[in-house]
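Dear colleague,

I am handing over the structure we spoke about, and below it you will find my notes on what turned up when I went through it. Please read them with the model open beside you.

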Amino acid sequence: MNELFESIQGEASFTGTPAFFVRLQGCPVGCPWCDTKHTWEIESRHEVAPAQMQAKTVDAPTFAVMDVHGLVDAASGSRAAHVVITGGEPCVHDLEPLTAALLATGRTVQVETSGTFDVRVADGTWVTVSPKFAMPGGLAVRGDALYRADEAKCVVGRARDIDTVLESVLPHLRPHVPVWLQPVSQSRTATTLCITEAARHGWRLSLQTHKFIGVR
C-alpha cells in the first residue's frame, strides 16, 4: 500500500462521492502525464510499517505490506461507504479476495485500472477502465479488460485519441457502458476537444473535480 486516505471521487460516474482510497504500489505502464509516479517502483528500501505509511502527509514512494483483514479494518474506520482501489496499477494483483471482503461489509467497491492486466475482482465490483495505449511500458490494452468495464474513462490530449476511442475501445465495450473523456492534465485545449467530441458521440466529460477543490 502506498497510501490510504478519505476524500471524494473526483472522476467519472462516482464524481462527488465520499470515498476511502486504497492506493497500491507498483505500475509498469509508464504514462508520461501520470500524477502518481511515486507509486511506480517497488523497492525494498522504501518499505515501512503500516502505521508509518498511513501517517504520510506528502507523496512518497514509501509503502507498507498489508493483508486483506488489515485493509478491511482500515476501510471500516472510514466514514465513506465507497472504496476506490487505485494505484499504481491495482490489477497486477488478484483483487478478488480484497474486493469480496470489502463488499461483504456493505460498501460499494470500485477498481481503477489501465486495462493492461487481467481484471480479477469479485462480482459486484465497479470496474473503471482508463485504457492506456502505446505507453512507454509497452503493455497492450486487453479486450477482456475493456469488456469487463462498467465505464471507460479515456484520457484525451489530441484528436487522434478520439480515433483510438472509436477504433480500439468502443468495439470491446458491453452495450450501454458509459464513455467518459478526461482532458489530459486539465489542458484547456484538450477540454475544448473533449466537450466537442462528447456532444458529437453522446459521451460524457470527466473533469477531475478533486483537483479544482484542492483535495487528493
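Which residue just after helix 6 takes a positive phi? That residue is Gly202, where phi is about 75°. Before going further I should say that this is a predicted model, and everything that follows should be read with that in mind.

Let me begin with the sheet. The model contains an open sheet of eight strands in the order 1-2-3-4-5-6-7-8, and the pairing within this sheet is mixed. Its edges are formed by strand 1 and strand 8 (204-205), each of which pairs on one side only. Strand 1 and strand 2 run antiparallel and are joined by seven bridges, with Phe5 standing opposite Phe21 in strand 2. Although it is an edge strand, strand 1 is mostly covered, since five of its seven residues are buried. Strand 2 and strand 3, by contrast, pair in the parallel sense, over four bridges, and here Arg23 stands opposite Thr86 in strand 3.

Two helices that pack on this sheet deserve a closer look. Helix 5 (residues 159-169) touches strand 6 (151-156) and strand 7 (179-183), and its direction makes about 150° with that of strand 6. Helix 6 (residues 188-201) touches strand 6, strand 7 and strand 8, and the angle between its direction and that of strand 7 is about 160°.

In helix 5, the buried residues are Ile162, Val165 and Val169. Seen down the axis of helix 5, these buried residues fall within an arc of 85°, so they line one face of the helix. They pack against helix 4, strand 6, strand 7 and helix 6, while Ala159, Arg160 and Glu167 are exposed on the other side of helix 5. Thr164 also belongs to helix 5; with a relative accessible area of 26%, which lies between the limits of 20% for buried and 50% for exposed, this residue counts as partly exposed. Leaving aside its neighbours within four places in sequence, Thr164 is in contact with Phe133 and Val169. Thr164 and Phe133 are 31 residues apart along the chain, and their C-alpha atoms are separated by 8.4 Å.

Helix 6 can be checked for its length as well as for its faces. Its 14 residues should span 20 Å at 1.5 Å a residue, and this agrees with the 20 Å that separates its end C-alpha atoms. The buried residues of helix 6 are Ala190, Thr191, Leu193, Cys194, Glu197 and Ala198. Because they cover an arc of only 160° around the axis, they lie on the same side of helix 6. What covers them includes strand 6, helix 5, strand 7 and strand 8, whereas the face turned away from the buried side carries the exposed residues Arg188, Thr189, Ala199 and Arg200.

Turning to the interior, the largest nonpolar core has 43 residues, of which Met1, Leu4, Val22, Ile85, Leu102, Leu173 and Leu181 touch the most other members. Helix 2 (residues 68-76) gives the most to this core, with four residues. In soluble globular proteins, nonpolar side chains tend to be buried together. Met1 can serve as an example from this core: leaving aside its neighbours within four places in sequence, Met1 is in contact with Val22, Arg23, Leu24, Met53, Thr62, Phe63, Ala64, Met66 and Leu71.

Finally, there are some backbone details in the loops that you may wish to inspect. The peptide bond from Gly87 to Gly88 is cis, with omega near 15°, and Gly88 is found in the loop between strand 3 (82-86) and helix 3 (96-103). Ala12, which is not a glycine, has a positive phi of about 60°; Ala12 is placed in the loop between strand 1 (3-9) and strand 2 (17-23), and it counts as buried, at 3% relative accessibility. Ala134 likewise has a positive phi, near 55°, in a residue other than glycine. Ala134 is found in the loop between strand 5 (126-129) and helix 4 (143-148), and with a relative accessible area of 77% Ala134 is exposed.

With best regards

Notes. Residues numbered from 1 in each chain as written. Predicted model: local features only at pLDDT ≥ 70, side-chain atom pairs only at ≥ 80, totals over all residues. Heavy atoms only, no water. Buried < 20%, exposed > 50% of the residue type's maximum accessible area, 1.4 Å probe, protein only. Pairing = 2+ DSSP bridges. Contact = heavy atoms within 4.5 Å. Axes fitted to C-alpha atoms, helices over the stretch in contact; angles between N-to-C directions. Core = buried A, V, L, I, M, F, W, Y, C linked by side-chain atoms within 4.5 Å. Expected span 1.5 Å × (residues − 1). Arc of directions from axis to C-beta.
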